[in-house]
Amino acid sequence: MFDDFFIRALVAGIGIAFVAGPLGCFVVWRRLSYFGDTLAHSALLGVTIAYSLEFNIAVSIFLISSAIALILIQLQKKTNLPSDALLGLLAHSSLAIGLVVIGFLTFIRFDIMGLLFGDILAVNKKDLLTIWVGGALILLVLRLIWKPLLASTVNYELAQAEGLNPDRAKAVFTVLLAAIIAISIKLVGVLLITGMLIIPTAMARNLSDNPQKMVIFAIIGGLLSVFIGLFSSLEFNTPSGPSIIAAALVLFIFSLLKVKQTIQLKN
Amino acid sequence: MGNNILVKLNNVGFQQNQKWLVQGVSLQVEKGKIVTLIGPNGSGKSTTAKIALGLFKNIEGQVEKFTNNIGYVPQKISIDWTLPLRVRDFMLLTDNLTEDVIDEALSLTGVINLKDKSLGNLSGGEFQRVLLARAISKKPELLVLDEPVQGVDFTGEIALYELIKEISEKLNCGILLISHDLHTVMSATDHVVCLNGHVCCSGSPKEVAKNSEYKALFGEQAAQTLSIYEHKHDHVHTNDGDIKKN
């Protein structure tokens, strides 16, 4: 009924939605959406390096994003600039360097639109394996650091005083964020990955009264966005990333109706 | 005797941005004892508590901690609205507790009726009771309470201080308490440390009340707080508005 490439994109999208939901919740709770953006922008540099050295793309993106996160921590310690300025500096300079490098690599044909906004045709069988195995690992590790990460999100000192290790949880979470960007870049694209993390989560916030529920709604929202987005991408021949994100936005707008109801009930 | 000590500060100090927040503090908290830190704003009470908890890395002096089972009520805690959290979720924040244990702790501080409420919808006093319930629920060996009854109504305040004393006896846990209410402090404490950037004076409540530095800090009137006005009611008001006979 459907072509193989479409089934592959769908399977990839489902895998990504399962991981993006829980990670996205922490991105929103910890106010890291701009940080996620910065890591995603640097992913383009990772792609170009992978191409020029004929290296695995996901691994390359993962390494570059982690390196950017480390550089950020160093810059925060050594300069007096506020975090958002440093994030902007890293995001745009790594994006720029990525694009400049692409300009030099004239012998390779890049689909820049595909890199920036995702390509439904780009997902191959190996990518599926990377997404599902990598995704399962990410979820497993997140499960292990869930308690210290959540506790330190609520109150850092409380978590530390009562014997949890917030610094380690934070470091591990940064690595997980780099990892999800690495596995989802082909389908969603560099510029829109953060949207995949935070828009279904924002929708979920409107529908939930506790963290677990919010994670589940974020996953459901992500899955719906992937289904609606990919089918419309196929139907209208639009890039996959923007179609998924646009679908997520529509779901978010619907979730606002629920908020309105709750507010009316309260009054 | 030695193994009754839960935490011991030996001449500790902490500076931030080249300014000493607190210096030369020595104290120890033992099992079943309440040690109270008093002092004016900015005198280093919270800093001292945080040093005892091991929250600072570069401190002067030594901290010896003999337990890892700690309950903490911080002075300030703000719950971000982006994170939806009910009271029951908050109770499970740092430990895995059974429903029974959660219910028991919430009943003790009189907020069992709020168990399924969102944290963001609680009043200041209610939230403070939940904080206290969370800290005692894990049956800690050491409780560090930084102004645990701020924002609680007057009768509730007295009841909670009584509860704190009861807990220290029942669980045989040591308590490091920070408080502004000289009245209650002086009647329910084993040991008082009066801080003002350093230890002004310390000792039993009676000794401290007689100390001239204490009088200088808090005024002559404060010295007379030992004789607090005591009276008994034949009933109590529970939190949901019911009246319970004693």
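User: What makes A:Ile180 a residue in contact with parts of chain A that are not its sequence neighbours?

Analyst: In this predicted model, A:Ile180 touches A:Val19, A:Ala20, A:Leu23 and A:Ile138, and residues up to four places away in sequence are left out of that list. A contact here requires C-beta atoms within 7 Å. A:Ile180 is also named, together with A:Leu23, among the residues with the most contacts inside the largest nonpolar core.

User: Why is that set of residues called a nonpolar core, and which helix gives the most to it?

Analyst: The name applies because its members are buried residues of the nonpolar kinds, joined through C-beta atoms within 7 Å. The largest such core has 149 residues, and those with the most contacts inside it include A:Ala43, A:Ile61, A:Ile181 and B:Val144. Helix H8 of chain A, residues 166-188, gives the most, with 13 residues. In soluble globular proteins, nonpolar side chains tend to be buried together.

User: How do you know how compact chain A is?

Analyst: The radius of gyration of chain A is 19 Å, and the globule rule gives 18 Å for 267 residues; the two values are close, so chain A is as compact as a globular protein of that length. Its C-alpha atoms fill a box of roughly 60 × 50 × 30 Å along the principal axes, and 49% of its residues count as buried. Among contacts in chain A with a separation of 6 or more, 72% join residues 24 or more positions apart. As for its secondary structure, chain A has 11 helices and zero strands.

User: Why is A:Ile71 called partly exposed?

Analyst: A:Ile71, which lies in helix H3 of chain A, residues 57-78, has 15 other C-beta atoms within 10 Å. Burial needs 20 or more and exposure 12 or fewer, so with 15 the residue is called partly exposed. In space, A:Ile71 and A:Ser94 are 12 Å apart from C-alpha to C-alpha, with their positions 23 residues apart in sequence.

User: What makes strand S3 of chain B largely enclosed?

Analyst: Five of the five residues of S3(B), residues 34-38, are buried, so the strand is largely enclosed by the rest of the structure. B:Ile34, B:Thr36 and B:Ile38 point one way from the strand, while B:Val35 and B:Leu37 point the other way, and all are buried. In a regular strand the side chains alternate between the two faces of the sheet.

User: How do you know which strands pair with S3(B), and in which sense?

Analyst: Pairing asks for at least two bridges. S3(B) has four bridges with strand S7 of chain B, residues 174-178, in the parallel sense, and B:Ile34 has B:Ile175 as its bridge partner in S7(B). With strand S8 of chain B, residues 191-195, S3(B) again pairs in the parallel sense over four bridges; in S8(B), B:Thr36 is partnered by B:Val192 and B:Ile38 by B:Cys194.

User: Why are S5 and S9 of chain B called edge strands?

Analyst: The open sheet of six strands in chain B has the order S5-S6-S7-S3-S8-S9, with mixed pairing. S5 and strand S9 (199-203) each pair on one side only, and on that ground they are the edge strands. The twist in this sheet averages 10° from one strand to the next. Helix H4 of chain B, residues 124-137, lies across S5 and strand S6 (142-146), running at about 170° to S5(B).

User: What makes S2 and S4 the edges of the three-stranded sheet in chain B?

Analyst: That open sheet is antiparallel and has the order S2-S1-S4. S2 (19-30) and S4 (60-65) each have a single partner strand, so one side of each is left without a neighbour in the sheet. The twist averages 15° from one strand to the next. S1(B), residues 5-16, pairs with S2(B) over eight bridges, and B:Val7 has B:Val29 as its partner in S2(B). Helix H1 of chain B, residues 45-53, packs on the sheet, touching S1, S2 and S4.

User: How do you know what the side of chain B that touches chain A is made of?

Analyst: 20 residues of chain B are in contact with 20 residues of chain A. On the chain B side, H1 and strand S5 (70-73) are the elements that give two or more residues, and the residues divide into 12 nonpolar, four polar and four charged.

Terms used
Residues are numbered from 1 along each chain as its sequence is written. Chains are lettered from A and ligands numbered from 1 in the order in which they are written. This is a predicted model: local features need pLDDT of at least 70, side-chain atom pairs count only at pLDDT 80 or more; totals for chains, interfaces and linings use all residues. Axes are lines fitted to C-alpha atoms, for helices over the stretch in contact, and angles run from 0 to 180 degrees between N-to-C directions. Two residues are in contact if their C-beta atoms, placed from the backbone, lie within 7 Å. Ala, Val, Leu, Ile, Met, Phe, Trp, Tyr, Cys and Pro count as nonpolar, Asp, Glu, Lys and Arg as charged, and the others, Gly among them, as polar. The radius of gyration is taken over C-alpha atoms; the globule rule is 2.2 Å times the number of residues to the power 0.38.
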